[in-house]
Structure formats: C-alpha cells, structure tokens
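Open the model in your viewer and show side chains as sticks. This tour goes from one salt bridge to the next.

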Amino acid sequence: MTDARPDARPDAGPGARPLRPEPALGAVAQLGVLLLLGAVTGLGPAGWLTGLAFTAATWAVLSRALRRSRPRPTPFGPADAVTLARTTLAGGVTALVADLFAGRAPVTALAVLTAVALALDAVDGQVARRTGTASPFGARFDMEADAFLIMVLSVQVSLSMGAWVLAIGAMRYVFVAAARVLPWLNGPLPPSMARKTVAAVQGVVLLVAGTGALPRVPAYAAVAAALALLVWSFGRDIRWLWRVRVDVRVPVPAAAAGAPVRQTVRPGA
C-alpha cells in the first residue's frame, strides 16, 4: 500500500539526506562577489560565464560531499565557513583570470582577492584547532580550495611567462590522477611543516609574479624556484609513500573494534 500523504516522497527513507544550507549560502555569497566585481571592474562576458559556472560547480560538489557522509551528517564548523569564504574569493579570482583572455587586466582586484584568500589560508586551520572542529571533510575541503586557487594563479602567470608555469597548478591534479592507477599513492602522509611551507610559497610567488611587481628576470627566477620546491616536495612524499606502501583497496577486519584497518605492504615483504 502506498502512502497517500501529501508530504510523502519516494526518496524518503533511512538513507535519505536532507538538503544542506551551506552550499546555497556559498552560492549566494559567490553571486555577491561577482556582482561587486561587475560594478567595480566591469566584469566581462567571459568572467561572468566562468564565475557562474564556478558557482554551480561548487554548489554541486560541496552538496555531494556533505550528503555522502555516513553514518551521520558531516558537521560544518566555523573553520569550514572560513574555507568556504576562501573558495568564494577563489571564484572571483577565477572570473577575473577568465577576463584576462579577453584582454582585460584588473590587476589590482586580482591581487586584493588573492591576497585575502591566501591570508585566510592561515586562519581556517587555527580556527579548527582552537574550536576542536577539525575533521577529514574540513581537511579535504581546505586542500582542494588551495589546489584550485594555485591552479588558477598559475594560469594567470602563464599568460605572461609561458605554459611551463602551468606545471605548478597541474601537479596536484596529476598526482590525483596517478593515484587512480597506483593506489599506494592514496596512503596517509605524516604531518609536515615543509609541505605546508612549500604550498604557501606557491601562492605568494604566483601572486607577486602576477602583479608585475618584480622585474622580468627575478620574476622568472622566483617562479622557477617555486616550481623546483614543489617538485621536491611531491618527490619526497612519493618516495615516502613508496617506502611504506599502503594498499587502500584491501581492508583487513579489526578484531576488536570492528572497523577496517589498512594492510601495509613494506618493501621486501
């Protein structure tokens, strides 16, 4: 017998997840940033289309990430709100960089949005630790926001320095693609201040290079040094993951807690 109540929905059930408000609030904030940029910089058609596409994609990806949590909903803490603000600023940067392809050069607006986004990168982690709201979702959200902003900045700088700069923004995504073929690359990495420092250096160097504040030769040298540091950082992590390989596809039942643990395969085993 079917339920004839007006509020009955076919997808209602124990596994159904309610819609979360955070992605919608982020989309509204993103539209506000685009409207502000339109008023201040005269955002062109390319910028508007790219900004709107970014808004829709962020809403969809964030909604999916929040709804996939099991067995209980993922909390959205104050640190996640800071990361969402950074993502919104990154959306504005993306729209402005898209306008660069049409010959527009809002360098000041680009620099301001990027500088604030990079500054907030040092805030969300502290907020998470001080409020006790650190979570795997928050860590992944933070990492993806960083990676996307760096990719967009590398696109901006490549317009004046050449396509080789794109290697900075593409490296994270190449690593993710390689991990689909080599599952041991998905293994957990130990905390590293060097890794965090190298990641921060990429954003600062690309910001300075994108503003044109440095003469051409020092700017090239700075971006090349940043790329070399990034290659070193990724190489060090890959070497560590190879030495302590983790097969993330083979869960081993835990005897006591009932939670899966991962089988570690060491060289020579």
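Start with Arg195. Its relative accessibility is 22%, so Arg195 counts as partly exposed; the buried class requires under 20%. Keep in mind that this is a predicted model.

Now add Asp237. The side chains of Arg195 and Asp237 form a salt bridge, with N and O 2.8 Å apart. Zoom out to see the helices. Arg195 sits in helix α7 (residues 193-211) and Asp237 in helix α8 (residues 216-243). The two residues are 42 apart along the chain, so the pair links distant parts of it. Is Asp237 buried or exposed? Asp237 is buried, because its relative accessibility is 9%.

Next, select Arg86 and Asp142. Their closest N and O atoms are 2.6 Å apart, in another salt bridge. This pair also ties together distant parts of the chain: Arg86 belongs to helix α3 (residues 78-100), Asp142 to helix α5 (residues 136-161), with their positions 56 residues apart. Color by accessibility here. Arg86 comes out at 4%, and therefore counts as buried.

Keep Arg86 and Asp142 selected, then add Asp121, Asp124 and Asp146. Together these five residues are linked in a network of salt bridges.

Move on to Arg20 and Glu22. What is the distance between their closest N and O atoms? It is 3.3 Å, and the two form a salt bridge. Check Glu22 for burial. With a relative accessible area of 14%, Glu22 is buried, because the cut-off is under 20%.

To finish, display every salt bridge in the model. The count comes to eight.

Technical notes. Residues are numbered from 1 along each chain as its sequence is written. This is a predicted model: local features need pLDDT of at least 70, side-chain atom pairs count only at pLDDT 80 or more; totals for chains, interfaces and linings use all residues. Side-chain values use heavy atoms; hydrogens and water are left out. A salt bridge is a side-chain nitrogen of Lys or Arg within 4 Å of a carboxyl oxygen of Asp or Glu. Buried means under 20% relative accessible area, exposed over 50%, partly exposed in between (1.4 Å probe, protein chains only). Helices (H or I, at least four residues) and strands (E, at least two) are DSSP runs, numbered from the N terminus.
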